[in-house]
Amino acid sequence: MDCQSEEEETCEEQYDSENCTCSSKHDSTAGSNSDAPVTLKILQNWVPRVSHYFDKEHYTYVGHQIVIQESIEYLGAVVWPGALALSQYLESNQEQFNLKDKKVLEIGAGTGLVSIVACILGAYVTATDLPEVLENLSYNISRNTQSTNMHKPEVRKLVWGEGLSEDFPVSTYHYDFLLATDVVYHHTALDPLLATMVYFCQPGTIILWANKFRFSTDYEFLEKLGHIFNTTILAEFPESNVKLLKATVREN
(Lines give C-alpha, C1' and ligand atoms only; values in the text may rest on other atoms or scores of the structure.)
Protein backbone atom coordinates (compact mmCIF):
# COMPACT_ATOMS: atom_id res chain seq x y z
CA MET A 1 0.00 0.00 0.00
CA ASP A 2 1.52 3.32 -1.10
CA CYS A 3 -0.67 5.62 0.93
CA GLN A 4 0.76 6.70 4.27
CA SER A 5 -1.15 5.83 7.40
CA GLU A 6 -2.19 8.48 9.92
CA GLU A 7 0.68 7.30 12.13
CA GLU A 8 3.18 7.89 9.33
CA GLU A 9 1.76 11.35 8.55
CA THR A 10 2.03 12.27 12.20
CA CYS A 11 5.61 11.04 12.22
CA GLU A 12 6.41 13.26 9.24
CA GLU A 13 4.84 16.28 10.91
CA GLN A 14 6.84 15.74 14.09
CA TYR A 15 10.17 15.34 12.31
CA ASP A 16 11.51 18.89 12.19
CA SER A 17 14.72 20.88 11.95
CA GLU A 18 16.05 19.50 15.21
CA ASN A 19 17.63 16.70 13.23
CA CYS A 20 17.27 17.75 9.64
CA THR A 21 16.79 20.92 7.65
CA CYS A 22 13.24 20.56 6.40
CA SER A 23 9.81 22.13 6.82
CA SER A 24 6.31 20.85 7.41
CA LYS A 25 4.11 20.60 4.37
CA HIS A 26 1.66 22.89 6.22
CA ASP A 27 4.28 25.62 6.80
CA SER A 28 3.10 28.66 4.87
CA THR A 29 6.53 30.29 5.11
CA ALA A 30 8.37 27.41 3.45
CA GLY A 31 8.40 29.16 0.10
CA SER A 32 10.54 31.99 1.48
CA ASN A 33 12.99 29.72 3.29
CA SER A 34 16.11 29.15 1.21
CA ASP A 35 16.81 25.96 3.18
CA ALA A 36 13.41 24.45 2.43
CA PRO A 37 13.43 21.41 0.14
CA VAL A 38 12.27 21.94 -3.41
CA THR A 39 9.13 20.14 -4.49
CA LEU A 40 9.60 18.12 -7.66
CA LYS A 41 7.88 15.51 -9.77
CA ILE A 42 9.57 12.42 -11.17
CA LEU A 43 9.58 12.89 -14.92
CA GLN A 44 8.23 10.03 -16.99
CA ASN A 45 11.19 9.75 -19.32
CA TRP A 46 11.01 6.00 -19.76
CA VAL A 47 8.95 3.50 -21.74
CA PRO A 48 8.35 0.19 -19.91
CA ARG A 49 8.47 -3.03 -21.88
CA VAL A 50 7.21 -6.08 -20.04
CA SER A 51 7.85 -9.79 -20.52
CA HIS A 52 6.98 -12.83 -18.41
CA TYR A 53 10.57 -13.24 -17.24
CA PHE A 54 12.12 -9.80 -16.96
CA ASP A 55 11.47 -6.20 -17.84
CA LYS A 56 13.62 -3.97 -19.99
CA GLU A 57 12.97 -0.31 -19.47
CA HIS A 58 14.39 2.53 -21.53
CA TYR A 59 15.43 5.78 -19.87
CA THR A 60 17.12 8.94 -21.08
CA TYR A 61 19.47 10.82 -18.76
CA VAL A 62 22.21 13.32 -19.65
CA GLY A 63 21.52 12.74 -23.33
CA HIS A 64 22.15 9.00 -23.11
CA GLN A 65 19.63 6.24 -23.65
CA ILE A 66 19.89 3.73 -20.82
CA VAL A 67 18.40 0.25 -21.13
CA ILE A 68 17.75 -1.48 -17.81
CA GLN A 69 17.01 -5.16 -17.45
CA GLU A 70 14.98 -5.95 -14.37
CA SER A 71 14.76 -9.32 -12.67
CA ILE A 72 11.53 -10.64 -11.18
CA GLU A 73 13.45 -12.76 -8.68
CA TYR A 74 14.79 -10.08 -6.33
CA LEU A 75 13.53 -6.78 -4.90
CA GLY A 76 16.98 -5.36 -5.52
CA ALA A 77 16.74 -5.96 -9.25
CA VAL A 78 13.80 -3.61 -9.85
CA VAL A 79 13.93 0.13 -10.53
CA TRP A 80 12.23 1.86 -7.60
CA PRO A 81 11.08 5.51 -7.38
CA GLY A 82 14.08 6.65 -5.32
CA ALA A 83 16.45 5.67 -8.14
CA LEU A 84 14.45 7.71 -10.63
CA ALA A 85 14.37 10.69 -8.26
CA LEU A 86 18.12 10.67 -7.57
CA SER A 87 19.02 10.11 -11.24
CA GLN A 88 16.84 13.05 -12.23
CA TYR A 89 18.29 15.26 -9.48
CA LEU A 90 21.89 14.46 -10.38
CA GLU A 91 21.19 15.27 -14.01
CA SER A 92 19.52 18.59 -13.14
CA ASN A 93 21.97 19.75 -10.46
CA GLN A 94 25.39 19.13 -11.97
CA GLU A 95 26.78 22.44 -10.73
CA GLN A 96 25.73 21.75 -7.15
CA PHE A 97 26.95 18.15 -7.23
CA ASN A 98 29.72 17.87 -9.79
CA LEU A 99 30.57 14.18 -10.13
CA LYS A 100 33.27 14.57 -12.77
CA ASP A 101 36.36 12.61 -11.69
CA LYS A 102 34.84 12.08 -8.24
CA LYS A 103 34.92 8.72 -6.46
CA VAL A 104 31.37 7.48 -6.00
CA LEU A 105 30.12 4.45 -4.06
CA GLU A 106 26.55 3.25 -4.45
CA ILE A 107 25.23 0.86 -1.80
CA GLY A 108 22.22 -1.28 -2.65
CA ALA A 109 22.76 -0.42 -6.30
CA GLY A 110 20.04 -2.82 -7.51
CA THR A 111 19.65 -2.50 -11.28
CA GLY A 112 22.50 0.01 -11.46
CA LEU A 113 20.53 2.93 -12.91
CA VAL A 114 21.94 5.53 -10.49
CA SER A 115 25.48 4.20 -10.89
CA ILE A 116 25.12 4.38 -14.66
CA VAL A 117 23.95 8.00 -14.48
CA ALA A 118 26.86 8.84 -12.14
CA CYS A 119 29.25 7.19 -14.58
CA ILE A 120 27.84 9.19 -17.49
CA LEU A 121 28.38 12.32 -15.39
CA GLY A 122 32.08 11.46 -15.22
CA ALA A 123 32.48 9.72 -11.86
CA TYR A 124 34.67 6.82 -10.86
CA VAL A 125 31.86 4.52 -9.76
CA THR A 126 31.81 1.47 -7.52
CA ALA A 127 28.38 -0.18 -7.53
CA THR A 128 27.68 -2.65 -4.72
CA ASP A 129 24.91 -4.98 -3.67
CA LEU A 130 24.19 -8.49 -2.41
CA PRO A 131 25.77 -11.44 -4.26
CA GLU A 132 22.49 -12.60 -5.80
CA VAL A 133 21.94 -9.20 -7.43
CA LEU A 134 25.42 -8.76 -8.92
CA GLU A 135 24.88 -10.69 -12.16
CA ASN A 136 22.02 -8.47 -13.33
CA LEU A 137 23.73 -5.36 -11.93
CA SER A 138 26.94 -6.15 -13.82
CA TYR A 139 25.00 -6.80 -17.02
CA ASN A 140 23.21 -3.44 -16.89
CA ILE A 141 26.31 -1.45 -16.02
CA SER A 142 28.45 -3.13 -18.67
CA ARG A 143 25.79 -2.68 -21.33
CA ASN A 144 25.30 1.02 -20.63
CA THR A 145 28.86 2.20 -19.94
CA GLN A 146 30.70 1.08 -23.05
CA SER A 147 31.58 4.62 -24.06
CA THR A 148 35.30 5.32 -24.08
CA ASN A 149 34.57 8.75 -22.57
CA MET A 150 33.51 7.15 -19.27
CA HIS A 151 35.62 5.84 -16.43
CA LYS A 152 35.25 2.08 -16.23
CA PRO A 153 32.90 1.34 -13.30
CA GLU A 154 33.45 -1.42 -10.77
CA VAL A 155 30.85 -3.85 -9.41
CA ARG A 156 31.47 -5.41 -6.01
CA LYS A 157 29.71 -7.41 -3.36
CA LEU A 158 28.83 -5.51 -0.22
CA VAL A 159 26.68 -6.92 2.58
CA TRP A 160 25.77 -4.07 4.91
CA GLY A 161 27.74 -4.16 8.13
CA GLU A 162 29.83 -7.19 7.16
CA GLY A 163 33.55 -7.26 6.39
CA LEU A 164 33.77 -3.54 5.75
CA SER A 165 37.24 -2.99 7.20
CA GLU A 166 38.56 -6.08 5.39
CA ASP A 167 37.00 -5.43 1.98
CA PHE A 168 37.09 -1.62 2.05
CA PRO A 169 39.89 -0.52 4.40
CA VAL A 170 39.64 3.17 5.25
CA SER A 171 43.34 3.63 4.54
CA THR A 172 42.70 2.75 0.89
CA TYR A 173 39.10 3.63 0.13
CA HIS A 174 37.75 7.15 0.43
CA TYR A 175 34.68 8.22 -1.49
CA ASP A 176 33.54 11.73 -2.38
CA PHE A 177 29.92 10.61 -2.68
CA LEU A 178 27.91 7.78 -1.15
CA LEU A 179 24.69 7.16 -3.06
CA ALA A 180 21.71 5.14 -1.84
CA THR A 181 18.14 4.80 -3.08
CA ASP A 182 15.16 3.00 -1.54
CA VAL A 183 17.41 1.10 0.84
CA VAL A 184 15.08 1.72 3.79
CA TYR A 185 11.86 -0.28 4.00
CA HIS A 186 10.56 -3.16 6.11
CA HIS A 187 13.68 -5.31 6.56
CA THR A 188 15.92 -6.43 9.39
CA ALA A 189 19.15 -4.82 8.17
CA LEU A 190 18.47 -1.18 9.08
CA ASP A 191 21.09 -1.08 11.84
CA PRO A 192 23.78 -2.65 9.60
CA LEU A 193 22.75 -0.19 6.86
CA LEU A 194 23.26 2.76 9.20
CA ALA A 195 26.59 1.31 10.36
CA THR A 196 27.65 1.03 6.72
CA MET A 197 26.77 4.66 6.05
CA VAL A 198 28.73 5.72 9.13
CA TYR A 199 31.73 3.65 8.02
CA PHE A 200 31.93 5.10 4.51
CA CYS A 201 30.97 8.69 5.31
CA GLN A 202 34.33 10.20 6.17
CA PRO A 203 35.14 13.92 6.37
CA GLY A 204 34.52 15.31 2.90
CA THR A 205 32.07 12.57 1.90
CA ILE A 206 28.55 13.55 0.85
CA ILE A 207 25.71 11.06 1.26
CA LEU A 208 22.83 11.45 -1.20
CA TRP A 209 19.93 9.23 -0.20
CA ALA A 210 16.55 9.09 -1.92
CA ASN A 211 13.78 6.96 -0.46
CA LYS A 212 10.08 6.36 -0.74
CA PHE A 213 8.64 6.95 2.74
CA ARG A 214 5.82 4.56 3.60
CA PHE A 215 6.33 3.17 7.08
CA SER A 216 7.03 4.57 10.52
CA THR A 217 10.35 2.68 10.43
CA ASP A 218 11.39 4.86 7.47
CA TYR A 219 10.98 8.00 9.59
CA GLU A 220 12.69 6.35 12.56
CA PHE A 221 15.71 5.66 10.36
CA LEU A 222 15.66 9.26 9.15
CA GLU A 223 15.66 10.44 12.76
CA LYS A 224 18.63 8.19 13.63
CA LEU A 225 20.49 9.50 10.59
CA GLY A 226 19.86 13.06 11.75
CA HIS A 227 21.36 12.33 15.17
CA ILE A 228 24.61 11.15 13.58
CA PHE A 229 25.05 13.37 10.51
CA ASN A 230 24.33 16.90 9.39
CA THR A 231 21.28 16.22 7.23
CA THR A 232 19.28 18.33 4.82
CA ILE A 233 16.24 17.41 2.77
CA LEU A 234 17.14 18.65 -0.71
CA ALA A 235 13.95 17.75 -2.52
CA GLU A 236 10.60 16.09 -2.10
CA PHE A 237 8.55 14.27 -4.73
CA PRO A 238 5.05 14.26 -3.16
CA GLU A 239 3.35 12.25 -5.88
CA SER A 240 5.81 9.41 -5.27
CA ASN A 241 6.26 9.96 -1.49
CA VAL A 242 10.01 10.28 -2.13
CA LYS A 243 12.42 12.45 -0.16
CA LEU A 244 15.98 13.19 -1.25
CA LEU A 245 18.48 13.93 1.51
CA LYS A 246 22.04 15.08 1.82
CA ALA A 247 24.14 14.02 4.82
CA THR A 248 27.69 14.87 5.91
CA VAL A 249 29.88 14.15 8.91
CA ARG A 250 29.29 16.41 11.90
CA GLU A 251 32.24 18.67 12.68
CA ASN A 252 33.55 18.42 16.24
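1. Thr128 counts as buried, because its relative accessibility is 0%, and the cut-off for that class is under 20%. The model is a predicted one. Thr128 is found in strand S7, which covers residues 124–129.

2. What does Thr128 touch, leaving aside its neighbours within four places in sequence? Its contacts include a run of residues made up of Leu105, Glu106, Ile107, Gly108 and Ala109. Further along the chain, Thr128 is also in contact with Leu137, Arg156, Leu158 and Phe168. As for Ser115, 13 residues away along the chain, its C-alpha atom is separated from that of Thr128 by 9.5 Å.

3. Helix H2 (residues 81–92) and helix H3 (residues 113–120) have axes that come within 9 Å and cross at roughly 10°. H2 is therefore roughly parallel to H3, since angles under 35 degrees fall in that class.

4. Which residues make the contact between H2 and H3? From H2 there are Ala83, Leu84, Leu86, Ser87 and Leu90; from H3 there are Leu113, Val114 and Val117. Sorted by class, this contact has seven nonpolar residues, one polar residue and no charged residues.

5. On salt bridges, the count comes to two. Side chains of opposite charge can pair when their charged atoms come close. One of the two joins Asp191 and Lys224, with an N to O distance of 3.5 Å. This pair links distant parts of the chain, with Asp191 in helix H6 (residues 190–200), Lys224 in helix H7 (residues 216–228), and their positions 33 residues apart.

6. Are the two partners of that bridge buried or exposed? Asp191 has a relative accessible area of 52% and is therefore exposed, the cut-off being over 50%. Lys224, with a relative accessible area of 41%, is partly exposed.

7. The other salt bridge is formed by Lys243 and Glu236, whose closest N and O atoms are 2.7 Å apart. Lys243 and Glu236 are both buried.

8. Helix H7, which carries Lys224, has 13 residues. From its first C-alpha to its last, H7 reaches 19 Å, close to the 18 Å expected at 1.5 Å a residue. Its buried residues are Ser216, Thr217, Asp218, Tyr219, Phe221, Leu222, Leu225 and Gly226. For reading such a list, an α-helix has 3.6 residues a turn, so residues three or four places apart point the same way.

Conventions: Residues numbered from 1 in each chain as written. Predicted model: local features only at pLDDT ≥ 70, side-chain atom pairs only at ≥ 80, totals over all residues. Heavy atoms only, no water. Salt bridge = Lys/Arg side-chain N within 4 Å of Asp/Glu carboxyl O. Helix = DSSP H or I, 4+ residues; strand = E, 2+ residues; numbered from the N terminus. Buried < 20%, exposed > 50% of the residue type's maximum accessible area, 1.4 Å probe, protein only. Expected span 1.5 Å × (residues − 1). Axes fitted to C-alpha atoms, helices over the stretch in contact; angles between N-to-C directions. Parallel < 35°, antiparallel > 145°, perpendicular 65-115°, else oblique. Contact = heavy atoms within 4.5 Å. Nonpolar A, V, L, I, M, F, W, Y, C, P; charged D, E, K, R; others polar.
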